[in-house]
Number of protein chains: 2
Amino acid sequence: MNRIPTASDIEQAHERIKPYIHRTPVMTSSSLDELAACQLYFKCENFQKVGAFKARGAMNALLSLSREQRAKGVATHSSGNHAQALSRAAKIMGVKAYVVMPRTAPAIKKQGVKGYAGEIFECEPTLAARESTLAEVIEKTGAVEIHPFNNYDVIAGQATVAKELLEEVGSLDFIVAPVGGGGLLSGTALAAKYFSPSTVVIAGEPELANDAFRSLQSGEIELPSPPTSIADGLLTSLSDKTFAIIREHVSRIITVTDPEIIQAMRLIWERLKIVVEPSSAVAFAAVLKEKSKFANKKVGVILTGGNVDIHNVGEKAV
Amino acid sequence: MNRIPTASDIEQAHERIKPYIHRTPVMTSSSLDELAACQLYFKCENFQKVGAFKARGAMNALLSLSREQRAKGVATHSSGNHAQALSRAAKIMGVKAYVVMPRTAPAIKKQGVKGYAGEIFECEPTLAARESTLAEVIEKTGAVEIHPFNNYDVIAGQATVAKELLEEVGSLDFIVAPVGGGGLLSGTALAAKYFSPSTVVIAGEPELANDAFRSLQSGEIELPSPPTSIADGLLTSLSDKTFAIIREHVSRIITVTDPEIIQAMRLIWERLKIVVEPSSAVAFAAVLKEKSKFANKKVGVILTGGNVDIHNVGEKAV
């Protein structure tokens with residue numbers, strides 16, 4: 001797709017991917033509502049296929065290719081959830097997925113890709129090496145690149161998260177989503193614009209990876225920060241396609257510190273009894289940070305995924 | 001109630017408590033099915049009010065008392081989920097809850113009770129001190145004792161877990177539940193007997209707290225083991241009421257080691273993306289231990305609660 005997704009594009013994307021994704025639950029908690037002094041609706045993409053919303057965008061991208069386009073496979077460079085999501089989508093469609101990963105990527109991520117029969121090409125852990133290796137793979141195989149977020153079909157797929165949330169809850173005053181490369185956030189902004197124009201979309205971003213915040217201020221795509229935040233799904237910077245949408249439709253980016261992210265994540269684990277990854281907790285951390293902004297409002301919070309290394313799960317029950 | 005609950009007693013208990021409890025979801029996972037080589041149906045009582053199935057039994061016990069009986073309040077000794085469950089039920093009914101707790105109980109548990117306006121009486125951390133303190137409290141206040149499991153109304157309340165599971169899934173070949181004092185297990189056995197007679201009920205028990213296993217062998221209620229298992233909700237021994245039911249209706253107890261419990265708990269966290277306490281993982285650990293027994297069968301697994309101290313929830317996402 002070569003244009004910013006329309007309402008109809010998002011509706012069609014939703015119909016297209018429905019057989020292959022979960023309609024994830026929306027959870028509420030009276031104790032968290034009390035704590036945050038607003039009504040919270042958590043959209044639980046940690047229960048999504050491959051454990052993250054990325055399953056939506058990758059699936060829509062694969063389904064949107066023609067038979068000829070996808071015949072030679074799809075390729076991407078990713079060390080995160082998109083790698084697994086793309087491998088899964090390719091496997092469902094019966095085509096090859098080629099994934100360029102830094103050789104330093106954790107074994108568990110490589111296993112995830114291999115579990116869906118994705119083929120891994122290792123490279124040095126730099127952006128330059130990732131891009132040049134991907135170019136080589138594409139030249140060799142003839143595969144189509146599916147970028148994790150700078151792709152309108154991917155953005156339309158991610159937009160279905162907010163579409164479902166709005167369908168389920170009805171009107172919302174706010175939807176808060178985390179921002180990394182901006183695929184989810186731009187999709188969320190479009191879904192709100194089309195399906196609930198009065199809903200204000202706000203982003204949460206780690207202070208240690210505040211390039212989207214800086215980009216909105218400067219009006220240009222800023223370079224990413226050094227990769228130090230615990231929210232390691234949010235370290236990439238925006239792309240031209242996502243920045244253009246976010247710039248126009250996202251009301252504000254609230255930055256949060258790593259301790260605030262950890263605190264929000266613990267609250268979600270303890271009160272909702274669900275496992276979410278640190279990047280997932282950034283949106284809730286933003287709500288807690290600016291309570292007065294959200295006071296007594298209906299606030300949708302997108303929990304993006306649940307892929308964490310489970311260590312130390314051996315504490316005594318309380 | 002002074003008799004073993006009948007089918008009608010359990011049905012009435014269910015109607016009675018419905019307005020005050022969650023009908024918790026049943027979760028499935030294709031990857032866990034593959035791993036266990038059977039079809040698993042996880043009944044998620046970690047999402048229950050107060051974070052555990054205990055909300056059911058306590059609520060039914062309170063609702064089954066006459067206005068006169070409950071006027072002077074209710075009392076128990078407990079350092080676990082029953083203390084919170086009873087305090088919550090009492091608060092809903094507008095009566096006092098008196099909870100005897102060892103002075104060494106974690107602050108978080110005491111806070112939980114106080115959060116529901118329960119009144120705490122501290123004692124030395126021995127069973128003798130707990131019982132004598134409870135006797136004093138009851139003499140002083142005139143409150144009715146609600147035992148955590150040696151109480152037929154409590155057992156009828158806990159039986160509604162398996163009743164809902166059977167309603168949701170239809171026929172099951174097995175239901176596996178953990179056993180501590182036996183309230184849940186005896187309720188589960190009764191529910192299966194009445195509502196799905198072909199379903200075999202099996203228990204999981206920590207090897208380090210295998211008093212129920214030993215009791216079934218010896219035909220007498222055996223003393224508890226030293227409290228060393230990580231599954232700290234399962235350290236108590238059976239009571240006369242629960243033992244009589246379990247002895248007649250539970251087909252077998254499978255004991256599992258602490259490392260097996262931790263492994264099962266990690267799988268639940270990683271694959272289902274939900275937070276469960278170690279005691280909750282004992283039933284699943286039992287299924288994994290005796291795979292051949294359950295092969296290709298439909299197996300209900302009761303996840304009893306999700307109240308864990310969340311430490312170290314700060315690992316990098318994968």
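In the predicted model, Phe174(A) stands opposite Val299(A) of strand 10 in chain A. Phe174(A) belongs to strand 7 of chain A, residues 174-178. Strands 7 and 10 of chain A run parallel and are joined by 3 bridges. Strand 10 of chain A also pairs with strand 2, residues 39-44. That pairing is parallel too, and 6 bridges hold the two strands in register. Within it, Cys44(A) faces Leu303(A) of strand 10. Strand 10 of chain A spans residues 298-303, and 5 of its 6 residues are buried. The strand is therefore largely enclosed by the rest of the structure.

A further set of strands in chain A forms an open sheet. The sheet has 4 strands in the order 5-4-3-6, with parallel pairing. Its edges are strand 5 (119-123) and strand 6 (144-145) of chain A. Each edge strand pairs on one side only. Strand 4 of chain A, residues 97-102, runs parallel to strand 5 and is joined to it by 5 bridges. Here Met101(A) has Glu122(A) of strand 5 as its bridge partner.

Chain A as a whole contains 14 helices and 10 strands. Its C-alpha atoms fill a box of roughly 55 × 45 × 40 Å along the principal axes. The radius of gyration of chain A is 18 Å. This agrees with the value near 20 Å for a compact globule of 318 residues. Of these 318 residues, 59% count as buried. Contacts in chain A often span long stretches of sequence. Among those between residues at least 6 apart, 71% join residues at least 24 apart. The exposed area of chain A is about 12000 Å², and carbon and sulfur atoms supply 48% of it.

Nonpolar side chains tend to be buried together in soluble globular proteins. In this model, the largest nonpolar core has 78 residues. The members touching the most others are Leu40(A), Trp269(A) and Ile274(A), together with Leu40(B), Trp269(B) and Ile274(B). A second, separate core has 34 residues, among them Ala162(A), Leu166(A), Leu238(A) and Phe243(A). The surroundings of Leu40(B) show how one of the most connected members of the largest core is placed. Beyond its neighbours within four places in sequence, Leu40(B) contacts Met27(B), Thr28(B), Leu32(B) and Asp33(B). Its contacts also include Phe284(B), Val287(B), Val299(B) and Val301(B).

Several helices have buried residues. In helix 10 of chain A, residues 211-218, Asp211(A), Ala212(A) and Ser215(A) are buried. These residues lie on the same side of the helix, because they cover an arc of only 95 degrees around its axis. The buried residues of helix 10 pack against strand 8 (200-206), helix 11 (240-249) and strand 9 (252-256) of chain A. Gly219(A) follows helix 10 of chain A and has a positive phi, near 80 degrees.

Helix 11 of chain B, residues 240-249, buries Thr242(B), Phe243(B), Ile245(B) and Ile246(B). The cover over these residues includes helix 8 (152-169), helix 9 (183-195) and helix 10 (211-218) of chain B.

Asn60(A) is a polar case in helix 3 of chain A, residues 54-64. Asn60(A) counts as buried, because its relative accessibility is 0%, against a cut-off of under 20%. Leaving aside neighbours within four places in sequence, Asn60(A) contacts Ala13(A), Arg16(A) and Ile17(A), as well as Asp153(A), Ala156(A) and Gly157(A).

Most residues other than glycine have a negative phi. Two residues of chain B depart from this pattern. Val50(B) is not a glycine, yet its phi is positive, about 55 degrees. Val50(B) sits in the loop between strand 2 (39-44) and helix 3 (54-64) of chain B. With 12% relative accessibility, Val50(B) counts as buried. Asn296(B) is likewise not a glycine and has a positive phi of about 65 degrees. The loop that holds Asn296(B) lies between helix 14 (291-294) and strand 10 (298-303) of chain B. Unlike buried Val50(B), Asn296(B) is exposed, with a relative accessible area of 68%.

Notes:
Residues are numbered from 1 along each chain as its sequence is written. Chains are lettered from A and ligands numbered from 1 in the order in which they are written. This is a predicted model: local features need pLDDT of at least 70, side-chain atom pairs count only at pLDDT 80 or more; totals for chains, interfaces and linings use all residues. Side-chain values use heavy atoms; hydrogens and water are left out. A nonpolar core is a set of buried Ala, Val, Leu, Ile, Met, Phe, Trp, Tyr and Cys residues joined through side-chain atoms within 4.5 Å. Buried means under 20% relative accessible area, exposed over 50%, partly exposed in between (1.4 Å probe, protein chains only). Contact means heavy atoms within 4.5 Å. The arc is that of the directions from the helix axis to the C-beta atoms. Two strands pair if DSSP finds at least two bridges between them. The radius of gyration is taken over C-alpha atoms; the globule rule is 2.2 Å times the number of residues to the power 0.38. Accessible areas come from the Shrake-Rupley method with a 1.4 Å probe; for residues, only the protein chains shown count as cover.
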